[in-house]
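Me: Please take a close look at one part of this model, the contact between two of its chains. I would like the numbers together with the cut-offs behind them.

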4 protein chains.
Amino acid sequence: MILEIDNTIGSEGLSNIRNAIENAGYSSRVIRGKDEIVLGIRGRPISQSLEEQLRHMPGILNVTRITEAYKEVSRRFHPADTVIELSNGAKIGDGHFALIAGPCSVEDYATTLEAANWAKEAGAAALRGGVFKPRTNPYSFQGLGEKGLEILARVKEETGLPIVTEILEPEDESVSLGGIIKLFEKYDVDIYQIGARSAQNFPLLYSLSKRKHPVLYKNGIGMNAEEFLQGAEYLLSGVWGESHNGGGNPNVILCARGVNTGDISVSRYPLDISLVPELRMKTHLPVIADPSHSTGKWYNVVKASLGLIAAGAQGLEVEVHPNPQQAKSDGKQAIGLEHLMQISKQGRAIFGITNSIPLEAVATAYYK
Amino acid sequence: MILEIDNTIGSEGLSNIRNAIENAGYSSRVIRGKDEIVLGIRGRPISQSLEEQLRHMPGILNVTRITEAYKEVSRRFHPADTVIELSNGAKIGDGHFALIAGPCSVEDYATTLEAANWAKEAGAAALRGGVFKPRTNPYSFQGLGEKGLEILARVKEETGLPIVTEILEPEDESVSLGGIIKLFEKYDVDIYQIGARSAQNFPLLYSLSKRKHPVLYKNGIGMNAEEFLQGAEYLLSGVWGESHNGGGNPNVILCARGVNTGDISVSRYPLDISLVPELRMKTHLPVIADPSHSTGKWYNVVKASLGLIAAGAQGLEVEVHPNPQQAKSDGKQAIGLEHLMQISKQGRAIFGITNSIPLEAVATAYYK
Amino acid sequence: MILEIDNTIGSEGLSNIRNAIENAGYSSRVIRGKDEIVLGIRGRPISQSLEEQLRHMPGILNVTRITEAYKEVSRRFHPADTVIELSNGAKIGDGHFALIAGPCSVEDYATTLEAANWAKEAGAAALRGGVFKPRTNPYSFQGLGEKGLEILARVKEETGLPIVTEILEPEDESVSLGGIIKLFEKYDVDIYQIGARSAQNFPLLYSLSKRKHPVLYKNGIGMNAEEFLQGAEYLLSGVWGESHNGGGNPNVILCARGVNTGDISVSRYPLDISLVPELRMKTHLPVIADPSHSTGKWYNVVKASLGLIAAGAQGLEVEVHPNPQQAKSDGKQAIGLEHLMQISKQGRAIFGITNSIPLEAVATAYYK
Amino acid sequence: MILEIDNTIGSEGLSNIRNAIENAGYSSRVIRGKDEIVLGIRGRPISQSLEEQLRHMPGILNVTRITEAYKEVSRRFHPADTVIELSNGAKIGDGHFALIAGPCSVEDYATTLEAANWAKEAGAAALRGGVFKPRTNPYSFQGLGEKGLEILARVKEETGLPIVTEILEPEDESVSLGGIIKLFEKYDVDIYQIGARSAQNFPLLYSLSKRKHPVLYKNGIGMNAEEFLQGAEYLLSGVWGESHNGGGNPNVILCARGVNTGDISVSRYPLDISLVPELRMKTHLPVIADPSHSTGKWYNVVKASLGLIAAGAQGLEVEVHPNPQQAKSDGKQAIGLEHLMQISKQGRAIFGITNSIPLEAVATAYYK
């Protein structure tokens, strides 16, 4: 629920309103605009009685129920773009373009370092590399586990690049969910990636909603945009039904990576050209895209990357590999240095053009 | 890998072969046919060197690599239908028809008991009811949790019906995966259901592969049949990459519940008429179907149910509710007693007809 | 628009109503029920002024606008099942089960005759066989054309089986649409099939809406159920925007044949189990199904056929071939005599069971 | 089939080869490269005997069968980009960016002229406007027909913009296919558009393959890329099974417009970001895109347009309307002048960047 409040209300009037909200069991958040104060009420659906009460309180100009199935995630609740800053000073969101590159899986120190050096040359914000891999087939390579984290940490030390890797749940029953997070903390993983297969693993989402640690959240291959945003709402709200963990993680980056429907003769996971602009309009969270898993073919990665940026993506997560043919996973979609540099150079030029088109006007019209 | 072995080999010859397999780090399993002995080699892809060695050992008539991405699950490895017996003597698989009915969510004792009495009247093998619900939206009803398990246990005591409920992971970070299973053990849940959203939650699959406890495994809405069977292979094999938990759970029931693609003006999750016969041919596991989540509309549940049975389903999981309009989840797809009785009566008649058509001849031709 | 009229209105009162409708430029149709007279108003959306006028005329109990995008096709407008009778006395629709079998393409006299004899042995209502084939690739076999019609006519003479074949448009620019229909008339084709690729060829639909000739209308692979029914509305209404050809063809059989979305590792064109019951409820037209093009695999045709019948299909169109491996098109999905006999025998038994479940009760509840 | 021929072969040697090809019933086409002569053999699959003969003829360095299901359309057969020039000098294809804009339907002279003036201001290559509209529902507005053509012709005269409109088949049985083309000729339609619903109307494709008249060919909503290219092969080859009309229309523009699968909560017809680059690599034909029908939402059209250009589209077909809320069809996806100018300005800037990345290197690697 959003309250538009008279700018001249004064601190006491504002306190009265916030107390009424708190007494009803909700929390609120102040967003100061130029001409008015906007107050967002957080959490579960607002009761009729509170709404009635608020409608009659002095200084409240307008009461708007948010009809979307999410609110913390909504641009209506939080109009300004969220920006997330990494340990190396790189920023993700708003007018910042964030390239994340690296191998699909961490395989060994040498190839990881080479990929990281490429990423650095291309001005990447961070290095990606999978160490716990969720694989369709039990007999496939499932990642190096802790050994992979060691390699990532070592490469981070040498290159200064923050690291992004996927968090699954415990790899073993004896290790609780806290256990794998402890590993991630030990090796100082900068961004915890939630992959497509875990996108509706609600216990995992709820768990990561307690911390402020940056999360890169990918859509599930069978999820639509609305379901994706509701998944993100778990992270931002810290709510799970009747439970509220008192937290809510605002540091979430959305990553569009394609779905399992459409023309699979062309793409491994087709990615609709309108998904990125739709997400950008509906949410304030940074929206990046994963051209590698979408195309599934190295030779389409550059053009798909540029297309996604022009459509509004604020960054990309791209798979690179020095020797794609020997890659232990997804070699067919890995690109080399030359293509990565094209993406970086032409991509930044396109980002400069497309990002100059104001989104606000469109969003305002949309919400009317 | 499958070895056809001369019937006259004798126990010593057979031991030699099995020892060779074991020495190479694999285990084997004997399937005695009328005219020959078939030996299946379990586990990870068989090495070239072992294959070579076996091809030259006496008594081995034929060595066949299984090219599917799964083997424990494959009918080639295990030709005869698997049958799973429940605490009330009900059987699932082969020529047994298993009806599982109950409410989407356990809401209170009275409605759960009424639904259970309906299920019993319809000759159901078990009672379903969700207590930990994975919901798209964080603000939705997420199930009664342990209180729901108490209700299920009480209704089971009164009706004698085994209970089926979905297992998520820990609902709280402080509760390890072992924790929720302990709850399930405490309340003696008969069948652990793995729902669509957890279908590629590999840590969960690996965890349940350690026990012999019956599992009802549903396909994810974005998974195809091959991916579904590979997910089941996690359960049956007890393998996770380089790890093997020494187990492998043979008591798995597959449940087809539709996917997120197709004509959603007709069905919530369209369910292809050929999925059930395709699964039946490829695997020996019992295959049941979930008409409720597929149709999403109460008025199509009876006809969809009969269609699925005629196509080869060995059972159904159906949602019923005494007061659908007050249901806390999925009321639109819940049916009443009259429709449940139609499914039971006509469904069993159809099962009698369709099940008389031998599957083996078709499967044999297919695999040639 | 549907008018419920007092049974005691008398012929003059009824005439007054019908004249009012006619004067406003619409035609009407009387459906006598037990307790009341129902009058359906045909054609384009009814004007507000006519609605007002009717609401005030004596004897009209109720005026209901049909909100579906179709009316001639709707079961609300025409509650009783349509039945279509063929030249050999076979009936399609209502409680009649219609098996249509034959080769994908007519290739030569001998194989066509053999297939026809199989069809006859299985009690088929008609023989199918393509002579003008719409093929994805220009270099593929496109059918025998007129020579194929000659063969079909000859086989029909020998077996007495009515013939079904697909009507395209002119195969040559010099032959107008009237031209190909003249060929069909010359060879006395019993049922004109409109295939998936022509399902939204509106000039063709409009053309066939002028005649009362039976049409077998298949859904396009990219059409949903509502679009399919609207396509049929072209046939039944004889309307094309502002034009009305004075006709309207009531002799239309719908054939569900699957769509291009879903799990293509299982089926060539996945066919949702709920499509048939949904169509049966919404329309009075006979609904049959095409398991061959849906499965695309001979070994799933029997089970898919039985499933479709149990779900409510009033018939099947099945592809058979004496030598599938030499078939000029779609050999992989052709079945032999043994499987055809299974479909006929078990299918009729299942039809007897499933058809005994009244559809009306469900439909009535649905429309409330 | 492609023959690489020694540059020093001389005209007599070359004649011998071409005669051999002609004697076998095929035609050939010479493509002179820098270092060698390439000869493409056109038409139906090449016989084994001709292949054998050619492999032994002097001067032939290499014989390559084209394994794609199309050849006239393939970049392998015709490496250089096709360029099509319109009456106003505008070019489509290669390094030329072609904007086509206009209303969905031609409704009246005034709005069509206004839209045309916008198009001109935005530097459009041509004006679009539907006059024969294929509509899902028979009662919907089906276009103004010939009256619409008159309006288009008048607006063309005033603005100088070439006109693009969709060709259906005869609107009436008494009018042969030649009839509607005569109307198009009478009003001098510059580009004949084949819409999604006619994309596999093979008689129409065959008919338009006889002329050299420019055709704008859109993919069907249920077609994949390979099927789309095979449809284009009908146009370019002039082949229909055993028939060959002696023609073959080289002036074909492909237009990607989205498909019926994917996330329809976001897009009316989702358009995969990789479709355009995949088509660009596989074919020499100009590839443009239709953001309007894909997004279905005016507020996503600008970003989708820029994304498609960055991904390699050589133009766009965009729907504009002065009063979208009064539009007789598809008002929700129509944009105004401001957005059109953004597309034109930023789109051309992006085209300059993306078009500088050479496609050839990628294509060469792909085909190896």
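Reply: **The contact between chain D and chain A**

Chain A has a mean pLDDT of 89, with 93% of its residues at 70 or more; pLDDT is the predictor's confidence in each residue, on a scale from 0 to 100. Residues 170–177 of chain A have a pLDDT below 50, and this stretch has 24 contacts in the model beyond near neighbours in sequence. A contact means heavy atoms within 4.5 Å. For the complex, the predictor gives an ipTM of 0.89 and a pTM of 0.90.

This is a predicted model, in which local features need pLDDT of at least 70 and side-chain atom pairs count only at pLDDT 80 or more, while totals for chains, interfaces and linings use all residues; side-chain values use heavy atoms, with hydrogens and water left out. Residues are numbered from 1 along each chain as its sequence is written, and chains are lettered from A and ligands numbered from 1 in the order in which they are written.

Chain D is superposed on chain A by a rotation of 180 degrees with 0.0 Å of shift along its axis, at an RMSD of 0.1 Å. That is the relation of a two-fold axis. The fit is by least squares on the C-alpha atoms of residues with pLDDT of at least 70 in both copies. Because 100% of the interface residues of chain D are also interface residues in chain A, the copies meet through the same surface.

The contact takes 46 residues from chain D and 46 residues from chain A. Between them the two chains bury about 3700 Å², 66% of it on carbon and sulfur atoms. Buried area here is the accessible area (1.4 Å probe) that two parts lose on being put together, summed over both. Of the area that chain D buries against chain A, 18% is supplied by Ile273(D), Lys303(D) and Ile357(D), more than by any other three residues.

Two salt bridges are counted between chain D and chain A, each defined as a side-chain nitrogen of Lys or Arg within 4 Å of a carboxyl oxygen of Asp or Glu. Glu278(D) forms a salt bridge with Lys297(A), and their closest N and O atoms are 2.9 Å apart.
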